[in-house]
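Please read the following report alongside the sequence and the model, which are shown next.

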Amino acid sequence: MVASGHATNPFLYAKLPYDTFKDFTPISLLASSPNILLVRADSPYKTLADLLAAARANPGKLSYGMAGNGTSTHLAGELLKPRQGRYSRDPLQGRRPGRERPARRADPDLDQQRTGIHGQISAGSVRALGVTTAKRAAILPDVPTIAEAGVPGYDTAVWWGLLGPANMPAMSSQNFPATLSPR
């Protein structure tokens, strides 16, 4: 089982102990999810437009929080960078929006969609400015996509998939047990 970083690793790291594309056979996409652009509840940024305007007016003054270099949140932030203005990244492992970084309380965070974040959004401790996918997240229907909120064409997600060894034969209905065979 791999996450989306598996596909981006060869573009981020000069040497890997495997060939991402030749050493594995894709079996199935298991799940995908948007990342969420968040700010603290007391942030002056009420919308993505507010954040974009501040980034453009103050080049290099804002940073965004993310899980770490090479992660889906890092790459989602880098994809947003040329569209919103200059800012820096703040790769703090395990940091959660609404906590830590008290000196830069207003800076945004990119985080994966997960249960804890939904609780923080519902409780009002953080505000979601947008989700990173082309469509709104079913679990956050009132949160616009970043594309809807002012960055046309923006679309990125984190995904998880199942891989097998290289050159695995294709599966057919004959390979499935009778109880799983397509009907």
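## Fold outline

Along the sequence, the elements of the chain succeed one another as β-α-β-β-α-β-α-β-β-α-β-β, a series made up of four helices and eight strands, where helices (H or I, at least four residues) and strands (E, at least two) are DSSP runs numbered from the N terminus. The model is predicted, and local features need pLDDT of at least 70, side-chain atom pairs count only at pLDDT 80 or more, and totals for chains, interfaces and linings use all residues. Residues are numbered from 1 along each chain as its sequence is written, and side-chain values use heavy atoms, with hydrogens and water left out.

## Burial and nonpolar cores

Of the chain's 183 residues, 38% are buried, meaning under 20% relative accessible area with a 1.4 Å probe, protein chains only.

The largest nonpolar core (buried Ala, Val, Leu, Ile, Met, Phe, Trp, Tyr and Cys residues joined through side-chain atoms within 4.5 Å) has 18 residues, and Leu37, Tyr45, Leu48, Leu51, Ile146 and Val151 have the most contacts inside it. At least two residues of this core come from each of β3 (35-40), α2 (48-57), β4 (63-66) and α3 (72-84), with α2 giving the most, five residues. A second, separate core has ten residues, including Ile36, Leu38, Ile121 and Leu140.

## The three-stranded sheet

Three strands form an open sheet in the order β1-β8-β2 with antiparallel pairing, where two strands pair if DSSP finds at least two bridges between them. Its edge strands, β1 (2-3) and β2 (24-33), each pair on one side only. The antiparallel pairing of β2 with β8 (residues 158-165) extends over eight bridges, and Ser28 stands opposite Leu162 in β8.

Definitions and conventions
Buried < 20%, exposed > 50% of the residue type's maximum accessible area, 1.4 Å probe, protein only.
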